[in-house]
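Reader: I am new to this structure, and before I accept the words used to describe it, I would like to hear the reasoning behind them.

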Amino acid sequence: MDGLSAAKWETIVVGAGAAGLIAAERSGACGRKTLLIEKSKKPGVKILMSGGTRCNLTHHTDCSGIVRAFGKQGSFLHAPLSHLSPQDVVDLFEKEGVKTKVESTGKVFPRSNRALDVRDALVRRLNASEVTLKTGEAVTDLSRDQHGEFRVQTANTIYRCGKLIITVGGQSYPGCGTTGDGYAWLRDWGHTIVPPIPALAPLTTSDQWLHQLKGISFQNVELWADSDVETETQKAKRERLIRCRGDMLLTHFGLSGPAPMNISRVLGISGGHLPIIYCDFFPEHRQAELEQLVRHLAQQSGKRSWLTGLSTHMPQRFAESLLKVLGLDAQRRGSEVPNPWVVRVAESLKRLRMKVTGTRGFAKAEVTAGGVALGEVRSKTMESKIVPELFLAGEILDLDGPIGGFNFQAAFSTGWLAGYQGQNPRS
Ligand SMILES: Cc1cc2nc3c(=O)[nH]c(=O)nc-3n(C[C@H](O)[C@H](O)[C@H](O)COP(=O)(O)OP(=O)(O)OC[C@H]3O[C@@H](n4cnc5c(N)ncnc54)[C@H](O)[C@@H]3O)c2cc1C
């Protein structure tokens, strides 16, 4: 055992991601002797890679906008958000010299477009609050002795503390250190773990023709999930993500981008039965309007192929492949296109059935849905209702939001509150 093992810490925080960095900082700022232990060599690894290394740190909305984005789970966030709102997050980083900007999607980024600036700001705050950070050290086991003291075990050391904050995240992107370690510890302590599933993951399809169109992207499509055989409970669970609007990218394996990723969690909760995913490429048009548009584009092409006209409103390679899949001659003169062809194209653009075979799993999921059941955590303090003096925050909880900065906001707000360990943050 090294020298630190003899020292008793008032508080230990396990996991230096978004939630852990902020929780430890708050704990230190409250005057508690705090140790933050991180498995990876660097703190905040996911922050560094987030948002395409730009870090979409929150969303330009108010607290109720965040709550709504989390669907049924959202109400858990009322209390944490009342102490650290999206505006508070922006103010916090601006105070650290990280200027922010809002993009047209409502996503908030550092003006520098550097996730590193966000991570470094959190580490600066951590240092200022005199927290001890140990990196490259994985916690391997947790236990509690008969006096109620926690024992936090790593490869070479057993640390002891009176209060414990667990912020080890979920199990997506395991290369970042998030290998679902917290679930077993918490299950052993009597917590219910809602089965973890990959969320915000790209979708795999067996549509070979779409694979060949890799690299083509679409703006603002609408995807929805449907099934003939799902139970009422399954239907209810899918309510929130049954329709997702956003951009979509075709890839060599299937579908990526915000719309497919936002809908991906429905595949995990379908109980083994894959829902059918449809795509509407023109959600702003009703079916009849789209037929009119397709007819107009064909007629406008006159003696030229109708593909020429269609290509003014969608990528040419996509239009060509779609006509081929539908068995329609792409070279037919625009003026000679029969009406049933127009209707078939319009129908396919409004309701293209994608042969989705699954998601790319935890390896490529940006978040984990599932985790510690929210009913077992006090949302006013983040303390476990089962293990006193134990606090939980971030993605380890059964909380997952859509793309757009919502997940960091939840991690920051719950981490902030957990850091106070039951003290009133306003006092
Ligand atoms: C590629 C990618 C891009 C993303 N982009 C965005 C984005 O732009 N905006 C957004 O809002 N969300 C984004 N997310 C989601 C966001 O990163 C997470 O929701 C958020 O990081 C969760 O914070 P957390 O602190 O709970 O967990 P994490 O950030 O995952 O941190 C958990 C930490 O605990 C450590 N740990 C795990 N086990 C142990 C152990 N046994 N001992 C010690 N330490 C341990 C891990 O190494 C890790 O550092 C993205 C995720 C990914 C994967």
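Author: What follows is a conversation about how the descriptions are reached.

Author: One caution comes before the rest, namely that this is a predicted model. The chain has 17 helices and 19 strands, and its C-alpha atoms fill a box of roughly 85 × 45 × 35 Å, taken along the principal axes.

Reader: What makes valine 221 count as buried?

Author: The cut-off is 20 or more other C-beta atoms within 10 Å of a residue's own. Valine 221 has 23 other C-beta atoms within 10 Å, so it is called buried. This residue lies in strand 12, which covers residues 217-226. Leaving aside residues up to four places away in sequence, valine 221 touches Met248, Ala259, Cys279, Asp280, Phe281 and Pro283. Valine 221 and proline 258 are 37 residues apart in sequence, while in space they are 9.9 Å apart, C-alpha to C-alpha.

Reader: How many of the 427 residues in the chain are buried?

Author: Buried residues make up 47% of the 427 residues. As for contacts in the chain between residues at least 6 apart in sequence, 73% of them join residues at least 24 apart.

Reader: Why are strand 16 and strand 17 said to stand at the edges?

Author: The sheet in question is an open one, formed by seven strands in the order 16-15-12-13-14-11-17, with antiparallel pairing. Strand 16 (352-354) and strand 17 (356-359) each have a single partner strand, so one side of each is left without a neighbour in the sheet. From one strand to the next, the twist averages 40°.

Reader: How do you know that strand 15 and strand 16 pair?

Author: Pairing requires at least two bridges between two strands. Strand 15, residues 276-280, is joined to strand 16 by three bridges in the antiparallel sense, and we may therefore conclude that they meet the requirement of at least two bridges. Along this pairing, isoleucine 277 stands opposite methionine 354 in strand 16.

Reader: Which strands pair with strand 1 in the parallel sense?

Author: Strand 1 (residues 8-14) pairs in the parallel sense with strand 2 over four bridges, and with strand 9 (residues 158-166) over six bridges. On the side of strand 2, threonine 11 has threonine 34 as its bridge partner, and isoleucine 12 stands opposite leucine 35. In strand 9, isoleucine 165 is the bridge partner of valine 13.

Reader: What makes strand 1 "mostly covered"?

Author: The phrase rests on a count, since five of the seven residues of strand 1 are buried. In strand 2 (residues 34-37), Thr34 and Leu36 point one way and Leu35 and Ile37 the other way, and all are buried. This can be set beside a general rule: in a regular strand the side chains alternate between the two faces of the sheet.

Reader: Why are the buried residues of helix 15 said to line one face of the helix?

Author: In helix 15, residues 316-325, the buried residues are Ala319, Leu322 and Leu323. Seen down the axis of helix 15, these buried residues fall within an arc of 95°, so they line one face. They pack against helix 14 (306-310) and helix 16 (339-350). Just after helix 15, glycine 327 takes a positive phi of about 75°.

Reader: What do the buried residues of helix 8 pack against?

Author: The buried residues of helix 8 (residues 181-188) are Asp181, Gly182, Tyr183 and Leu186, and they pack against strand 9, strand 10 (193-199) and strand 18 (367-372). Glycine 190, just after helix 8, takes a positive phi of about 100°.

Reader: Which residues are the closest to the ligand?

Author: Of the 38 residues that surround the ligand, the closest are Gly15, Gly17, Gly169, Gly177 and Gly394. The elements that give two or more residues to this shell are helix 2 (18-29), helix 3 (45-53) and helix 17 (406-419), and helix 3 gives the most, with five residues. Sorted by class, the shell has 17 nonpolar, 15 polar and six charged residues.

Methods
Residues are numbered from 1 along each chain as its sequence is written. This is a predicted model: local features need pLDDT of at least 70, side-chain atom pairs count only at pLDDT 80 or more; totals for chains, interfaces and linings use all residues. A residue is near a molecule or strand if its C-beta atom, placed from the backbone, lies within 6 Å of it. Ala, Val, Leu, Ile, Met, Phe, Trp, Tyr, Cys and Pro count as nonpolar, Asp, Glu, Lys and Arg as charged, and the others, Gly among them, as polar. Axes are lines fitted to C-alpha atoms, for helices over the stretch in contact, and angles run from 0 to 180 degrees between N-to-C directions. A residue is buried if 20 or more other C-beta atoms lie within 10 Å of its own, exposed if 12 or fewer, and partly exposed in between; C-beta atoms are placed from the backbone. The arc is that of the directions from the helix axis to the C-beta atoms. Two residues are in contact if their C-beta atoms, placed from the backbone, lie within 7 Å.
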